[in-house]
Each structure stands twice: as C-alpha cells, then as structure tokens.
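Thanks for coming. I will go through one structure today, starting with confidence and then taking the parts in turn.

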Amino acid sequence: MSVRRNEEAVSRFVERFAAQLTEAGMQRMASRVFVQLLASDGGAMTSAELGEALRISPAAVSGAVSYLTQVNMVSREREPGSRRDRYVLHNELWYETFTRRDQALTLFEKTLREGAASLGTDSPAGARVAETAAFFEFLQHELHGLMDRWRDHRATLDLP
C-alpha cells in the first residue's frame, strides 16, 4: 500500500529546510538540490527532474551539483541504459559529513598546537591559540563517542 505524497507540503518542507541549511552557511541552490534529493524516495534524481521539481535552470542544477559533489554530499552516476547522469545521496550521509568534519578538526588542532608553540604558550595570544586547540581536541573526543552512541541507537530504530 503506497501513501500518496502531498507535493505542496513536500515543496514547503524542501524550501524550509533548504533555507535553514543556507542560513547555516551552505550555498542556496546547493541547499535546495540537496534537500530535494533527500526528500525523493529513491535518493537520486536526474538534472532534468531536479530542475523541474525546483523550477530552476539546468545551469543552476549544474552549479549546485558541482558544489555538492565537491563536498562529497552527492555523487554522479550514469543512469542504467541511458546517457543521462543522476545525482545520488551518499548512504549514511550525516555520518560521512561528521567524519569529514572530524578530519578537519584534526588538522585544525595540529596547526593550532604548532601556532601556540610558535607564539609561546605563556603569551596571551599563545594561550588563546592553545585553548582553541584544546577545544578542538575535546570536540573530537566527544564527536567519536557521539557517533558510536548514534550507531547503537540507530540499530534500535525501525528504519530501512
């Protein structure tokens, strides 16, 4: 038994969540394309389908997909039996996003520790940079535990 979607409500959701992602720093068109893919049952759409659903030009879709591919939020796949590409959300998207963020935190922490040493940890600037490095170290530790708890929790949910 399939449930009929209320396309108007779906469109409002797409625009509302995309606006929130844009407010958080993601490019506007990339936000809209990402949420449209998220809201699609298959998690994949062609450029033409995205353009039609969002009422945007092929150029706007192309720019958004280019950004989303660059930040590893979607991938481009060839549609079977066709020359058309389709854009696919990565499995465990949020986990992958946070894992990449963890890699950035590792790099930031290393650079900040080096900066603190070059500034001298007894100077005000060195102490401030050392504290920032300690914050990133703390954040990484908490993030690892949080992701482990999420995997355990997800296993208890009735999700596909």
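So, what you see is a predicted model. Before the details, I'll stay with the strands.

In β3, Y87 is the bridge partner of R76. That pair belongs to the contact between strand β2, residues 74-78, and strand β3, residues 85-89, which run antiparallel and are joined by 5 bridges. Another position to look at is E77, which has R86 of β3 opposite. How many residues lie between β2 and β3 in the hairpin they form? There are 6, and G81 in that turn has a positive phi of about 75°.

β3 also pairs with strand β1, residues 44-46; the sense is antiparallel and there are 3 bridges. Here A44 has V88 of β3 as its bridge partner.

Now confidence, as promised. The protein has a mean pLDDT of 88, with 92% of its residues at 70 or more. Which elements have the lowest and the highest mean pLDDT? The lowest is helix α5, residues 93-119, with 81, and the highest is helix α3, residues 47-54, with 95.

Next, helix α2, residues 28-39. It has 12 residues, and at 1.5 Å a residue they should span 16 Å. The C-alpha atoms at the two ends of α2 are 17 Å apart, which agrees with that figure. Is α2 largely enclosed or not? Of its 12 residues, 9 are buried, so the rest of the structure largely encloses α2. The cut-off for buried is under 20% relative accessible area. The buried residues of α2 include nonpolar names such as V33, F34, V35 and L37, but R32 and Q36 are on the list too. A30, S31 and A39 complete that list.

Staying with burial, A18 sits in helix α1, residues 7-23. Its relative accessibility is 2%, so A18 counts as buried. If you want a distance across the model, take A18 and T111: they are 93 residues apart along the chain, and their C-alpha atoms are separated by 33 Å.

On the surface, there is a nonpolar patch formed by F135, F138 and L139, with about 290 Å² of accessible area together. F138 is in helix α6, residues 124-156. Is F138 exposed or partly exposed? With a relative accessible area of 49%, F138 is partly exposed, because exposed requires over 50%.

Last, some backbone angles. Most residues other than glycine have a negative phi. R55 is not a glycine, yet its phi is positive, at about 55°. R55 lies in the loop between α3 and α4, and at 74% relative accessibility it counts as exposed. N72 is also a residue other than glycine with a positive phi, in this case near 60°. Where is N72? N72 is in the loop between α4 and β2. With a relative accessible area of 36%, N72 is partly exposed.

To recap the strands: β3 pairs with β2 over 5 bridges and with β1 over 3. That is what I have for today.

Terms used: Residues numbered from 1 in each chain as written. Predicted model: local features only at pLDDT ≥ 70, side-chain atom pairs only at ≥ 80, totals over all residues. Heavy atoms only, no water. Pairing = 2+ DSSP bridges. Helix = DSSP H or I, 4+ residues; strand = E, 2+ residues; numbered from the N terminus. Expected span 1.5 Å × (residues − 1). Buried < 20%, exposed > 50% of the residue type's maximum accessible area, 1.4 Å probe, protein only. Patch = residues over 30% accessible without salt bridge, like charges linked within 9 Å, V, L, I, M, F, W, Y side chains within 5 Å. Areas by Shrake-Rupley, 256 points an atom, 1.4 Å probe, with all protein chains shown as cover. Salt bridge = Lys/Arg side-chain N within 4 Å of Asp/Glu carboxyl O. pLDDT = per-residue confidence, 0-100.
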